[in-house]
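Subject: A structure for you to look at

Hi,

Here is the structure I promised to pass on. Have a look around it first, and then read my notes below.

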Amino acid sequence: TYPTLKLRSGLSFPAFGLGTWKSKPGEVYDAVRAALEIGYRHLDCAAVYGNETEVGQAIKDAIAAGDITRDELWVTSKLWNNAHLKDDVAPALEQTLSDLQLDYLDLYLIHWPIAFKPGVGFPRSADDWLTLEEAPLSETWEAMLAAKQAGKSRAVGVSNMGPERLSALGTVGELPEVNQVESHPHLQQGELLNFCNEHNIVLTAYSPLGSTDRENRKDDEPPLLNHPTIETIASEVGASTAQVLIAWAIARGTVVIPKSVNRQRIQQNFDALKVELTDEHMKTIASLDKGYRYLDGKFFASNGSPYTPEGIYR
Ligand code: A2P
């Protein structure tokens, strides 16, 4: 059976999905078709990934082919940093719905607690940014809640936020239902996960495999897919290391969205739903935590940015 987690509203959120960050427009169509044929019921998308048109075509064709129904499918998308001002949220969501060829999303997230001026895709100078005083997250959040009220998304949430920011949004209205953050054995987010559990916020783990296809990789990054401890556990349970990482994320009560554009690996990742780890394995993996971010937020602190890397994830 497909793992699910309950949102505060009672909605059932499929705890395993296909990531589409870094999936190129020319490859994401086949990846989504393969995933939906194989049995995936959740797609994680974002406007800034630049591929929602192709994802939308694949969804439409998969539904037409009878691989899945709209009801069975969970589609998440995210508001880009250049549409945080309150009147810009609804139009950004409409554009995403139009690209995805959908009437509604299942989940819409504020992508980052960072704002750019309207029209800026990626900032190049100090002039391209807005501070959080100029574009308060509270106002962005009100517009997200209004979009949910209007039936444009069945749930709303955030991404890349910590307890401080989540709490602040809770004073505006309803708390986010989901917080999507980087999480894997090197960055287990234990404190944040506890906070989210206490407040009925589901945590989605991104970059669960370490996002090795990222630009700006550093030479000294710790290994994940070829971590010796993960390799040992993988051989003990007769699985791949990617499958161990996915099974671990689900077993600890998070949603996980591994990205792949390769049919074999898309299948392999789906088959991780059958991998069972022992308490001993879970304890061993728990000991690997070192608070290491593969996405260190440096980008959002360069090009004349008013933001600092340390400030982002509060
Ligand atoms: P590919 O798309 O060619 O399969 P993350 O989800 O952490 O962002 O990681 C995505 C990266 O991991 C991509 O480079 C993806 O490559 C690779 N990947 C996805 N699934 C597997 C797997 N089962 N084994 C090895 N690498 C994988």
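What follows is a short tour of two parts of the chain, a strand with its neighbours and a helix further along. Please keep in mind that this is a predicted model.

Let's start with strand 5, which covers residues 74-79. Is this strand buried or exposed? Six of its six residues are buried, so the rest of the structure largely encloses it.

Strand 5 has a partner in strand 4 (residues 42-44), and the two pair in the parallel sense over three bridges. If you want to find one of these partnerships on screen, look for leucine 43, whose bridge partner in strand 5 is valine 75. To get from strand 4 to strand 5, the chain passes through helix 2 (residues 52-64), making a right-handed β-α-β crossover.

Strand 5 also pairs with strand 6 (residues 105-110), again in the parallel sense, over four bridges. Here leucine 79 stands opposite isoleucine 110 of strand 6. Helix 3 (residues 86-100) joins strand 5 and strand 6 in a β-α-β unit that is right-handed.

Now for helix 9, residues 263-271. Which of its residues are buried? They are Ile266, Asn269 and Phe270. Looking down the axis of helix 9, you will see these buried residues fall within an arc of 100°, so they line one face of the helix. This fits a general rule: an α-helix has 3.6 residues a turn, so residues three or four places apart point the same way. And what do the buried residues of helix 9 pack against? Their neighbours are helix 1 (25-38) and helix 8 (241-251).

Enjoy exploring!

How values were computed: Residues are numbered from 1 along each chain as its sequence is written. This is a predicted model: local features need pLDDT of at least 70, side-chain atom pairs count only at pLDDT 80 or more; totals for chains, interfaces and linings use all residues. A residue is buried if 20 or more other C-beta atoms lie within 10 Å of its own, exposed if 12 or fewer, and partly exposed in between; C-beta atoms are placed from the backbone. Two strands pair if DSSP finds at least two bridges between them. A crossover is right-handed if, with the strands pointing away from the viewer, the path from the first strand over the helix to the second runs clockwise. The arc is that of the directions from the helix axis to the C-beta atoms. Two residues are in contact if their C-beta atoms, placed from the backbone, lie within 7 Å.
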